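Student: I'm new to this one, could you walk me through it? Let's start with the ligand.

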Amino acid sequence: MSVLFLGEHVPADVDQFARFVGPDPGEVLVEMAEYAEREGFPIVGPAVGGWLCQLARMVDAERVFEFGSGYGYSACWFARALPEDGDIVLTEFDADNLDLARSYLDRLGAAGRATFEVGDAVETARGYDGPFDVVLLDIEKYQYVDAFETIRDAIPPGGVVVADNTMSAGRESPDDTVSFEALLRAIEDDDFEVADADLDDLGRRSTRGILDHLERLDQDPDFETTLLPLGDGLTVSTRTR
Ligand SMILES: C[S@@+](CC[C@H](N)C(=O)[O-])C[C@H]1O[C@@H](n2cnc3c(N)ncnc32)[C@H](O)[C@@H]1O
């Protein structure tokens with residue numbers, strides 16, 4: 001079995017077991033994962049996808065907002081859990097990716113539950129009032145705080161923000177752009193500084209972005225955060241009031 005979707009710090013056998021335990025992706029999502037593997041496109045993968053679908057069911061999600069949708073893999077998992085009159089907003093720089101997303105959602109009979117927004121996800125979010133029951137952050141890591149600030153007030157109590165790549169990103173080490181070692185050191189040293197000499201500029205910015213995201217949520221009295229150590233690691237932040 002391929003380990004393409006696995007982050008460096010989540011053991012491959014754990015992710016594999018999570019896939020076994022999780023829901024059957026079905027033909028379309030399997031095809032989409034094969035596309036990711038062929039093209040080297042970073043998707044959340046089936047273990048996290050199944051969990052996102054379950055999350056949407058757990059909170060009875062009617063409206064979902066995605067920062068960074070690619071060609072719609074995570075959106076297709078969400079869409080499975082949405083009611084007929086639900087809506088998921090997909091955002092993506094690349095119009096071709098969103099066209100592909102539309103065709104996959106169409107095959108799942110869910111294109112009518114989707115809104116496609118080409119352009120910068122943070123700018124797009126400014127045009128929406130919400131409410132959104134679930135929000136996925138999966139854009140550049142240094143944009144996470146901006147994305148959260150933009151959508152925060154559109155999340156009602158009980159709503160959930162999920163941020164991908166909290167433990168790693170890039171998947172094909174050594175191109176990993178989020179350094180788990182640097183994150184751990186920053187937390188252990190309690191200085192929240194990125195001190196990893198081996199990181200390039202993007203790695204430093206991305207790791208900094210994750211730290212800023214963690215700090216921002218930690219300081220927000222209205223949100224409670226836990227870690228989901230699957231795939232590349234995700235933070236799960238619930239609005240408590
Ligand atoms: C990791 S992929 C998303 C994968 C998707 N969530 C999934 O699991 O199927 C990130 C995508 O976000 C897009 N992206 C990055 N920054 C963005 C931004 N600021 N606005 C819109 N799209 C962005 C990239 O083009 C890329 O396709």
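Student: Which polar backbone atom is 2.8 Å from a nitrogen atom of the ligand?
Tutor: That backbone atom belongs to A121, and the pair is a polar contact, meaning N or O atoms within 3.5 Å. This is a predicted model, where local features need pLDDT of at least 70 and side-chain atom pairs pLDDT 80 or more, while totals for chains, interfaces and linings use all residues. Residues are numbered from 1 along each chain as its sequence is written, and side-chain values use heavy atoms, without hydrogens or water.

Student: How much of the ligand does the protein cover?
Tutor: The protein covers 90% of the 600 Å² of accessible area that the ligand has on its own, by the Shrake-Rupley method with a 1.4 Å probe.

Student: And what does D120 do there, in terms of distance?
Tutor: An N or O atom in the side chain of D120 lies 2.8 Å from a nitrogen atom of the ligand, whereas for Y73 a polar backbone atom is 3.4 Å from a ligand oxygen.

Student: Changing topic, how many aromatic pairs are there?
Tutor: There are nine, counting rings of Phe, Tyr and Trp (its six-membered ring) with centres within 6.5 Å, where planes under 30 degrees apart are stacked, over 60 edge-to-face and the rest tilted. One of them joins F65 and F67, with centres 4.8 Å apart and planes at 55°, so this pair is tilted.

Student: What about F65 and F132?
Tutor: Their ring centres are 5.3 Å apart and the planes stand at 70°, so that pair is edge-to-face.

Student: Are F65 and F67 buried or exposed?
Tutor: Both F65 and F67 are buried, which means under 20% relative accessible area, with exposed being over 50% and partly exposed in between (1.4 Å probe, protein chains only).

Notes
Polar contact = N/O pair within 3.5 Å; in protein donor to acceptor, adjacent residues only side chain to side chain.
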